[in-house]
Amino acid sequence: MTFQSITKYVGKNVTREQEYKNILNIFSYRRQHMSKGEEQFIKDYMSDFEPIKDNKGMIIAFKYDNHNPTAINNILWTSHIDTVHHSEPNKIFQEVYMDDMTKTAFVTEKCDCLGADDGAGVWLMLEMIKNNVEGTYMFFRGEEQGCIGSSAMAKEYEEYLKNFTHAIAFDRKGKTDVITYQRGECCSEEFGKAMADVLGMGYEPSDLGVYTDTAEFLHLIPECSNLSVGYQSQHTSTETQDLAFLIQLRDKLISVDWANTELPIVREPKHEDHWGWSANDMYGDNYYVDVERYAYMDKKDLIALVKSKTPEELAEMLQDCGHAICDVIYGV
Ligand SMILES: [Zn+2]
């Protein structure tokens, strides 16, 4: 891809006001998996990237390779295109707003969500690409439907994924988390600390992660994590995004020399207790997120998800749903 073609949507030497507009423009697409809004977004934002297909010919991700073989790290940066909508499947756009005082993006209560989860991650990666930041970039499809894109990637591109030393998602609420645990230990303490130090800005390791794309790569890539990008109350009409924080994070990410920054590679790639019961499931919000996903999932997608899982995994998923419902009923 030429630099010129990237700048058509992220701009070059843009003003701060224009940057806010660029971010809000991404949020204005209603990007439910397989919807018209997602289709339009892909047409407008992903056309210059390489589509990656599964063995049935379905596009599961869009890739941009900016890895320099002389770099000491081989980092995979990830985000996901889709959002969670459960109304008006044919509506492509929504109105999005910004509070001028606080630089906070929001939607009205009539909307399903703002879509900063994970439009914020998508914008960060577009900016990193524009600024020639080292690494390989994957924009996944269907994360909210059970990591459809990344799980297919893990199954069908196993050898390719084994080349990476680190897989970092930009898909976490809040402003401080370097996720070290998502359905199992996903990165070493050493890496969590080192990444938090590199970022500064109040980041620190957190073991309260929920399931996202990089959790699919635990058996293939040593250090997998997920970083806070400044959204809150995702999947709801009260979702917000701190735009000033997002821009600050972008500035940090493009200022680091990722090719030459020593990042620990300590964890042994292996299958973790992926679907199992854990202290975090009990006290965190992991299974609530999953139950919400299944509830609003298109039937076809749900069938595809069921087919992709083993009976053991399905049993665990049912159990998680049961636990979540019991918690609501009994107020645990
Ligand atoms: Zn997300």
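In strand β3, the side chains of Ile75, Trp77 and Ser79 point one way and those of Leu76, Thr78 and His80 the other, and all are buried. The model is a predicted one. Strand β3 spans residues 75-80; because six of its six residues are buried, the strand is largely enclosed by the rest of the structure.

Strand β3 is paired with β6 and with β7. With β6 the strands run parallel and are joined by five bridges. Within this pairing, leucine 76 stands opposite threonine 136 of β6, and threonine 78 stands opposite methionine 138 of β6. The pairing of β3 with β7 (residues 166-173) is also in the parallel sense and extends over four bridges. Here tryptophan 77 has isoleucine 168 of β7 as its bridge partner.

Strand β6 covers residues 135-140, and five of its six residues are buried, so β6 too is largely enclosed by the rest of the structure. In addition to its parallel pairing with β3, β6 pairs with β2 (residues 59-66) in the antiparallel sense over six bridges. In the pairing with β2, threonine 136 of β6 is the bridge partner of aspartate 65. Threonine 136 thus stands opposite leucine 76 and is also bridged to aspartate 65.

Two helices were examined for their packing. Two packed helices are described by the angle between their axes and the distance between the axes. The axes of α4 (residues 116-130) and α8 (residues 243-255) come within 10 Å and cross at roughly 35°, and the crossing is right-handed. On the α4 side the contact is made by Ala120, Leu124, Glu127 and Met128, and on the α8 side by Leu246, Leu249, Arg250, Leu253 and Ile254. By class, the residues of this contact comprise seven nonpolar, no polar and two charged.

Leucine 124 of α4 takes part in the contact with α8 and also belongs to the largest nonpolar core. This core has 77 residues, of which Leu124, Met125 and Phe139 touch the most other members. Helix α4 supplies the largest share of the core, nine residues. When residues up to four places away in sequence are not counted, leucine 124 touches Phe170, Val229, Leu249, Arg250 and Leu253. Of these, Leu249, Arg250 and Leu253 are among the α8 residues that make the contact with α4.

How values were computed
Residues are numbered from 1 along each chain as its sequence is written. This is a predicted model: local features need pLDDT of at least 70, side-chain atom pairs count only at pLDDT 80 or more; totals for chains, interfaces and linings use all residues. A residue is buried if 20 or more other C-beta atoms lie within 10 Å of its own, exposed if 12 or fewer, and partly exposed in between; C-beta atoms are placed from the backbone. Helices (H or I, at least four residues) and strands (E, at least two) are DSSP runs, numbered from the N terminus. Two strands pair if DSSP finds at least two bridges between them. Axes are lines fitted to C-alpha atoms, for helices over the stretch in contact, and angles run from 0 to 180 degrees between N-to-C directions. A crossing is left-handed if the near helix is turned anticlockwise from the far one by less than a right angle, and right-handed if clockwise. Two residues are in contact if their C-beta atoms, placed from the backbone, lie within 7 Å. Ala, Val, Leu, Ile, Met, Phe, Trp, Tyr, Cys and Pro count as nonpolar, Asp, Glu, Lys and Arg as charged, and the others, Gly among them, as polar. A nonpolar core is a set of buried Ala, Val, Leu, Ile, Met, Phe, Trp, Tyr and Cys residues joined through C-beta atoms within 7 Å.
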